[in-house]
Amino acid sequence: MENFVFYSPTRFIFGRKEELNTGVYIKQTGKERILVHYGSGSAERSGVLNRIRESLDKQGIYFIELGGVQPNPRSPLVYRGMELCREKQIDFILAVGGGSAIDSAKAIAMGVPYNGDFADFFYR
């Protein structure tokens, strides 16, 4: 076996009312420009998205939002997320919701620094 180092800084936080601490957790990372990426409705209807907004505001963290993630995330939304991240110099992506929001956020994060098409990572 070859020696190697694997570094995976993704942090998943679960628990009742943990969204109230979102701003504190992000502040600890030293990141300053956030993309809040979420699905098509339940995050808003449940109130969790509003509580996250309030937490980010309370910590003075700049954020923009990109909603509309669907099951089996679609490429156009990923491209839009990449464009927003580049344009607004985003340095942190917060996926709010389940696996589809997380998958879409990962695709955006992979695509932002890459000069090619993010789909290269999936199809080549």
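User: How do the residues lining the second largest pocket divide into nonpolar, polar and charged?
Analyst: In this predicted model, that lining has seven nonpolar, two polar and two charged residues.

User: Which residues are they?
Analyst: Going along the chain, the lining starts with Pro73, Arg74, Ser75 and Val78. Then come Asp103, Ser104 and Ala107, followed by Phe118, Ala119, Phe122 and Tyr123.

User: And which helix gives the largest share of that lining?
Analyst: That's α5, with three residues. The elements that each supply at least two residues there are α4 (75–88), α5 and α6 (120–123).

User: How much space is in there?
Analyst: About 170 Å³ for the second largest pocket.

User: OK, what about the largest pocket, what's its volume?
Analyst: The largest pocket comes to about 1300 Å³. It is lined by 38 residues, and the closest to its centre are Arg11, Phe92, Ile93, Leu94 and Ala95.

User: Which elements supply at least two residues each to that lining?
Analyst: Four helices and a strand are on that list: α1 (22–29), α2 (42–45), α3 (48–58) and α5 (99–111), plus β3 (92–96).

User: Which of them gives the most?
Analyst: α5 again, with six residues in the lining of the largest pocket. Recall that α5 also has the largest share in the second largest pocket.

User: What's the class split for the largest one?
Analyst: You get 22 nonpolar residues, ten polar and six charged in that lining.

User: Switching topic. How many helices and strands does the chain have?
Analyst: Six helices and three strands. Reading from the N terminus, the order is α-β-α-α-β-α-β-α-α.

User: Why call the chain as compact as a globular protein of its length?
Analyst: Because its radius of gyration is 15 Å, close to the 14 Å that the globule rule gives for 124 residues.

User: And what does it span along its principal axes?
Analyst: The C-alpha trace covers about 40 × 35 × 25 Å.

User: What share of the residues counts as buried?
Analyst: Of the 124 residues, 34% do, where buried means under 20% relative accessible area.

User: How much surface does the chain expose?
Analyst: About 8400 Å², and carbon and sulfur atoms supply 51% of that.

User: Last one: what part of the contacts comes from residues 24 or more positions apart?
Analyst: Such pairs make up 74% of the contacts in the chain, counting those with a separation of 6 or more.

Technical notes: Residues numbered from 1 in each chain as written. Predicted model: local features only at pLDDT ≥ 70, side-chain atom pairs only at ≥ 80, totals over all residues. Heavy atoms only, no water. 1 Å grid on protein atoms, 1.4 Å probe; cavity = no way out; pocket = protein on both sides within 12 Å on 5 of 7 lines; lining within 4 Å. Points joined across faces, edges and corners; volume = space filled by probe spheres on them. Nonpolar A, V, L, I, M, F, W, Y, C, P; charged D, E, K, R; others polar. Rg over C-alpha atoms; globule rule 2.2 N^0.38 Å. Buried < 20%, exposed > 50% of the residue type's maximum accessible area, 1.4 Å probe, protein only. Contact = heavy atoms within 4.5 Å. Areas by Shrake-Rupley, 256 points an atom, 1.4 Å probe, with all protein chains shown as cover.
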